Amino acid sequence: MAKLIVVFIVSCLLLAIQFSNAEELERPGEAPAIYKMGRGGSLRPEECPAECQRRCSETSHKKPCLFYCNKCCNTCLCVPSGTYGHKEECPCYDNWRTKEGGPKCP
C-alpha cells in the first residue's frame, strides 16, 4: 500500500512538471518565467553570446570569462556596459556570488 501511495505522488509531481513546462513551450518568443523574476534585465537569452563577447573582449582569460558571463546573462538577462566594472547597472549580475563570497559574474 505504501508503495502505491509513493508511485501516485511521484506521478502527480511528474504531471505537474510536465504542465508547467508546456506553458513555456507554447510561447517560444517570450522568455520563460524564471527570467521575469525581477532580475532587472532587458536582454533576451539569444542576445547573451554577443553581449558577453563584447564584455570579455579585452580579458586574457576569454574562455572562463565567456562561460561565466553567459551563465550570468542567461539568468539575469543583463550584461554591464564596457569590458570591466559598471556592475551596478545589473544588480542581479552584481549580487551573484561564489561560495567563497567573490563575484560570480565577470
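Me: What makes E51 count as partly exposed?
Reply: E51 has 25% relative accessibility, and partly exposed is the range between buried (under 20% relative accessible area) and exposed (over 50%), with a 1.4 Å probe and protein chains only. So E51 counts as partly exposed. Please keep in mind that this is a predicted model, where local features need pLDDT of at least 70, side-chain atom pairs count only at pLDDT 80 or more, and totals for chains, interfaces and linings use all residues. Residues are numbered from 1 along each chain as its sequence is written, and side-chain values use heavy atoms, leaving out hydrogens and water.

Me: Why is the contact of R54 with E51 called a salt bridge?
Reply: The closest N and O atoms of R54 and E51 are 2.8 Å apart. A salt bridge asks for a side-chain nitrogen of Lys or Arg within 4 Å of a carboxyl oxygen of Asp or Glu, so this pair fits.

Me: How many salt bridges does this rule give?
Reply: The count comes to 2 salt bridges. R44 forms one with E46, where the closest N and O atoms are 2.7 Å apart.

Me: How do you know which of these words fits E46, buried or exposed?
Reply: E46 has 53% relative accessibility, so by the cut-off above E46 counts as exposed. Its partner R44, at 34%, counts as partly exposed.

Me: And what is the relative accessible area of R54?
Reply: R54 has a relative accessible area of 30%, so R54 is partly exposed.
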